[in-house]
2 protein chains.
Amino acid sequence: MSSGNGHTTMKDVARLAGVSPATVSLALGNDPRVNIKTRKLVREAADKLRYIPNEIGRSLRSQKTETIALVIPHTSQHVFSHPYFAKLLEGITEVLNENGYNLLLSTTAEENDEQSAYEKVLRNRRADGVIVSSASLFDRNFLRLVDSGFPVVYLGPWTNNDIYTVERDDVMGAFSATDHLLKLGRRKIVHFTGPLNHQVGRDRLEGYRLAHQQNQVPVNEELVIEKDLSVNAGYEGVTELLDRQIPFDALFAGNDLMAIGAMKQLLERGIKVPEQISVVGFDDIDMASMFHPTLTTVHQPMKQTGILAAQKLLGVLNGREDIEKKTVLQTKLMIRESCGG
Amino acid sequence: MSSGNGHTTMKDVARLAGVSPATVSLALGNDPRVNIKTRKLVREAADKLRYIPNEIGRSLRSQKTETIALVIPHTSQHVFSHPYFAKLLEGITEVLNENGYNLLLSTTAEENDEQSAYEKVLRNRRADGVIVSSASLFDRNFLRLVDSGFPVVYLGPWTNNDIYTVERDDVMGAFSATDHLLKLGRRKIVHFTGPLNHQVGRDRLEGYRLAHQQNQVPVNEELVIEKDLSVNAGYEGVTELLDRQIPFDALFAGNDLMAIGAMKQLLERGIKVPEQISVVGFDDIDMASMFHPTLTTVHQPMKQTGILAAQKLLGVLNGREDIEKKTVLQTKLMIRESCGG
DNA sequence: TTAATAAATTAAATCGATTTAAAAGGTGAT
DNA sequence: ATCACCTTTTAAATCGATTTAATTTATTAA
């Protein structure tokens, strides 16, 4: 039933149909140059043999892989556990499935130049394009990738108009959260920022400052604390604040996980949310509304980000000219119980 | 600097080094047949041109892709949002990265025969092997895949010894949870099962029954309720029980998400956990200990599952003979606050 | 019937690597 | 100088498809 190692190849179909491999290729591609009767003949032979084209062979010739890579730069792998990642993946796979594309998931533990996820996947030609999840600023591997002209969609803010991006208005999101707390009369608002070597963290901090400025409330720098975006960081952040007896009446956490960790510790210390401390998060993960009190948070369209990024990349790959470089998604403050008022 | 479309190919290296492509291939493979001085020469030329072999060409010839696929059968894509998936992915990518393998993520929305994730990825030859996340029983596409002899590691229980599996002792896990509740004196224990067309759901139900049997407590079939494994299912499950005024004093949820949803609804109805109702979950997701009360649950080693599955598959691909067909991971009851006692 | 033209098919090159078998180059013994 | 043998290099086939250019077959016009 097959030629070589046990798989049905085009040659097998050609032999059964009594035509040449070239005809098979054209016929299956429904090329009008092939007689309609021959086309039918070939299709029947292909069906009978359950022929599925070998994508590797096809890729080599066409210089296309019908695959895109999602690159997550040198990470502690915990990203996977972040709900953002799951939703992003949902969106991406939905679009890719609709368009018959495959998804290669690429991570690198080290920042190793040679073996960086960028070098590996891209120059390998294993994917036609990449979606790059927000990298730390000034990663030179990433910059090299951009320079190389390889199709990239970057998830996050980018200063100039060189590359395709899907971003959130983090400044505005953080502004709305902080502004809401200020309007509620809170004046000592702690902000747990995410890592400040990522633009996300910087932008949210900027929004926090902006809200203070507009409400003519000075920022107490002691209340701005850099943390990583984990539950634990939130938990420990509150521990430290309480132990150091720093007074505060609200917390704007860099993301929901931190907010959840913080609320946990506040609860354990017998501090009432929102009566004593108002808490606001960022992301609006599914769990946000499962806690008691339910978490007020800045909603960001995570799945939509994945959808748009994938559509954008496919658009670029298909040579469409009408693709805008920058897509900015708006956030929305979801007011629930954790901030009171 | 390059031959065709802008990428450095082996021919380019050969030209620069003044040797034939064949020599380049052998030299870079460090074949002793090539003179040591030539090898050095070639390596230098390759470095100078920043040559990276085209994996597609290599794959076509070697019939290997250095890629494995994680197949998630016809799913509502919500799987991604389940913490189990994230941890699994962590484990898998860790092993793959160590071994220079790529990961292809493959899902299918439909059960469509032709386009099933199995057909697509496997017969395409885009991956050397697959890890299949627990499928619904009797999926004929899956059975066909197994028959084809394609390297497969299946995540979940399998009746015979035909295929490589990594499984949990779900029966035992569910037993320990239920037994614990019974030992606490609970007699009307609700069980929200997961979908019963999956072996997981069946096994956990079996453990639930077994515990009753051993404790000589009859099972009230009205308390066994089939639900999907979501937060919402747990929430609504409790709503229905309360609305139908079915008395119960404990709940063993098929997973933590359901338990969390259930606790949410109990809280809203003013029913105290664990004083009035004891709750136990299954999985031990990170969030389990963030709730109040903290969730008693059956721990399963999710990341370890990924690690073992990946190691097993790579072992099979490398032709190792000492790989055991079946690996069964043990669970562990984590006693926290939600069940009292 | 033959020439000109159109339609259908196929041989062969190509994509980028690997690998086998053949060729070329060296060395030492006789 | 010749032969045998070993080392090194390379030509050519191969993997499985696509596509161009050439060939074969069919159709129409004269």
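What covers the buried residues of α11(B)? The following legends describe close-up views of a predicted model.

**View 1. Helix α11 of chain B and its surroundings.** The elements covering the buried residues of α11(B) include the helices α5 (83-98) and α10 (231-243) of chain B, together with the strands β6 (189-193), β8 (250-253), β9 (278-283) and β10 (296-299) of chain B. Helix α11(B) comprises residues 256-268, and its 13 residues reach 18 Å from the first C-alpha to the last, close to the 18 Å expected at 1.5 Å a residue. Eleven of the 13 residues are buried, and the helix is thus described as mostly covered. Among the buried residues are D256(B), L257(B), A259(B), M263(B) and L266(B). After the helix comes G270(B), with a positive phi near 75 degrees.

**View 2. The packing of α10(B) against α11(B).** The axes of α10(B) and α11(B) lie 6 Å apart and form an angle of about 40 degrees. The two helices are therefore oblique to each other, and their crossing is right-handed. On the side of α10(B), the contact is made by V231(B), A233(B), G234(B), Y235(B), V238(B) and T239(B). The residues contributed by α11(B) include L257(B), M258(B), G261(B), A262(B) and E268(B).

**View 3. The relation between chains A and B.** A turn of 180 degrees, with a shift of 0.2 Å along the axis, lays chain B on chain A with an RMSD of 0.2 Å. This is the relation of a two-fold axis. Among the residues of chain B, L104(B) comes closest to the rotation axis, its C-alpha being at 2.2 Å. The copies meet through the same surface, because 98% of the interface residues of chain B are also interface residues in chain A.

Key: Residues are numbered from 1 along each chain as its sequence is written. Chains are lettered from A and ligands numbered from 1 in the order in which they are written. This is a predicted model: local features need pLDDT of at least 70, side-chain atom pairs count only at pLDDT 80 or more; totals for chains, interfaces and linings use all residues. Side-chain values use heavy atoms; hydrogens and water are left out. Helices (H or I, at least four residues) and strands (E, at least two) are DSSP runs, numbered from the N terminus. The expected span of a helix is 1.5 Å times one less than its number of residues. Buried means under 20% relative accessible area, exposed over 50%, partly exposed in between (1.4 Å probe, protein chains only). Contact means heavy atoms within 4.5 Å. Copies are superposed by least squares on the C-alpha atoms of residues with pLDDT of at least 70 in both. Axes are lines fitted to C-alpha atoms, for helices over the stretch in contact, and angles run from 0 to 180 degrees between N-to-C directions. Angles under 35 degrees count as roughly parallel, over 145 as roughly antiparallel, 65 to 115 as roughly perpendicular and the rest as oblique. A crossing is left-handed if the near helix is turned anticlockwise from the far one by less than a right angle, and right-handed if clockwise.
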